[in-house]
Amino acid sequence: MISFNSQARWQEYARTRSPRLREELIREYAILARRAVERLQFTPWGCVSTDDLVSHAVIGLINAVDRYDPEMGVPFEGFAMPRIRGAILDALRRLDWAPRSVRAEENRLRRAYAHLEAVLGRTPSDDEVARELGLETSELEHLVSDISRSSVLSLDDLVSGSEDSTSRGERTPAGNAFDPYVQQEKTEARRRLVEAIQALPEREKLVVSLYYEKDLTLKEIGRVLGVTEQRVSQIHTKAMLRLSHKLVRHHELVAELAA
């Protein structure tokens with residue numbers, strides 16, 4: 001909930017667009033930018049640093065401050081976080097810093113998950129995926145670890161399409177929120193997303209819930225599950241690979257998530 005004082009400040013900024021108040025709001029909510037970077041599933045290295053990522057996150061925060069309408073009735077934090085994460089992901093996609101070999105293996109894994117699910121009619125086990133790829137299960141785990149360290153897989157990225165530089169936060173529909181057809185699309189998109197997540201193995205489903213619904217960091221999820229942060233990253237990566245063939249380029253889903 002937005003407190004009375006916060007609501008009044010946002011209403012004042014929406015009315016006056018005061019540069020002074022804008023600066024105050026950006027400073028007040030800067031912690032959201034740092035929090036978004038902390039929730040990333042990889043350790044920055046090489047051509048990108050934590051400070052670089054925080055800078056991109058702040059750009060997303062500023063965009064959210066300028067676009068937020070307190071009359072929407074949603075907390076600023078909930079409105080801002082998709083835009084902040086989207087700004088980070090957009091920057092990382094432009095850098096495309098992951099080795100090509102990792103990109104190739106990531107795509108190979110995506111295809112394996114999609115093929116096996118189509119053939120089996122259910123979510124494949126790790127052993128089945130490993131056999132499909134001609135690997136031992138331990139080798140599959142190492143492959144997933146490499147991808148989790150060198151790639152940026154997220155639900156935000158999947159629903160917006162990996163080749164589209166526009167984050168889900170920039171796709172908020174305008175002017176058609178009460179269109180019956182749009183509402184029907186949103187309902188169907190929400191159902192499809194819920195079904196896709198519910199079909200995940202239990203531990204992957206739990207990690208997705210804690211990460212995207214509860215906004216916990218990978219380290220915090222590790223404490224909950226009693227495993228290392230790296231292990232949580234692996235579980236998250238597997239979940240995103242399983243979901244990728246179901247969610248990429250579902251633009252109505254993007255609209256539903258951004259609304």
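## Close-ups from a predicted model

**View 1. Glutamate 128 is buried, with a relative accessible area of 16%.** Since this is a predicted model, take every close-up here as a look at a computed structure. The cut-off for buried is under 20% relative accessible area, so a value of 16% puts glutamate 128 on the buried side. Glutamate 128 belongs to helix H7, which covers residues 126-133. Who does it touch, once neighbours within four places in sequence are set aside? The contacts of glutamate 128 are then Leu116, Leu120 and Arg122.

**View 2. Five aromatic residues are tied into a cluster by ring pairs: Trp10, Tyr29, Tyr68, Phe76 and Phe79.** The count of aromatic pairs comes to 7. Here's one of them: the ring centres of tyrosine 68 and phenylalanine 76 sit 5.3 Å apart with the planes at 80 degrees, so this pair is edge-to-face. Are these two residues buried or exposed? Tyrosine 68 and phenylalanine 76 are both buried. Phenylalanine 79, another member of the cluster, also has a charged partner: arginine 83 lies over its face, 3.8 Å from the ring centre.

**View 3. Helices H2 and H4 cross at roughly 130 degrees.** H2 runs over residues 19-28 and H4 over residues 50-67, and their axes come within 10 Å. That angle makes H2 oblique to H4. On the H2 side, Arg22, Leu25 and Ile26 make the contact, and on the H4 side it's Leu61, Ile62, Val65 and Asp66. As for handedness, H2 passes H4 in a right-handed crossing.

**View 4. Arginine 17 has a positive phi, near 50 degrees, even though it isn't a glycine.** Look for arginine 17 in the loop between helix H1 (4-16) and H2. Is this residue buried, partly exposed or exposed? With 38% relative accessibility, arginine 17 counts as partly exposed.

**View 5. H11 and H12 pack with their axes 10 Å apart, at an angle of about 135 degrees.** The two helices are therefore oblique to each other, and their crossing is right-handed. Which residues meet here? H11 brings Arg203, Leu206, Val207, Leu210 and Tyr211, while H12 brings Leu218, Ile221, Val224 and Leu225.

**View 6. Aspartate 215 sits in the loop between H11 and helix H12 (218-225).** Its phi is near 60 degrees, which is a positive value in a residue other than glycine. Aspartate 215 is partly exposed, at 26% relative accessible area. So if you're checking backbone torsions, aspartate 215 goes on the list of positive-phi residues, and the loop residue arginine 17 from View 4 goes there with its phi near 50 degrees.

**View 7. Valine 208 is buried, and its relative accessible area is just 3%.** This valine lies in helix H11, residues 202-213. What does valine 208 contact, leaving aside neighbours within four places in sequence? Ile197, Leu200, Glu213, Ala239 and Met240 are the residues in contact with it. Isoleucine 197 is 11 residues away from valine 208 along the chain, and the C-alpha atoms of the two are separated by 8.0 Å.

Note on methods: Residues numbered from 1 in each chain as written. Predicted model: local features only at pLDDT ≥ 70, side-chain atom pairs only at ≥ 80, totals over all residues. Heavy atoms only, no water. Phe/Tyr/Trp six-rings, centres within 6.5 Å; stacked < 30°, edge-to-face > 60°. Buried < 20%, exposed > 50% of the residue type's maximum accessible area, 1.4 Å probe, protein only. Lys NZ or Arg CZ within 6 Å of the ring centre and 35° of its normal. Axes fitted to C-alpha atoms, helices over the stretch in contact; angles between N-to-C directions. Helix = DSSP H or I, 4+ residues; strand = E, 2+ residues; numbered from the N terminus. Parallel < 35°, antiparallel > 145°, perpendicular 65-115°, else oblique. Left-handed = near helix turned anticlockwise from the far one by under 90°. Contact = heavy atoms within 4.5 Å.
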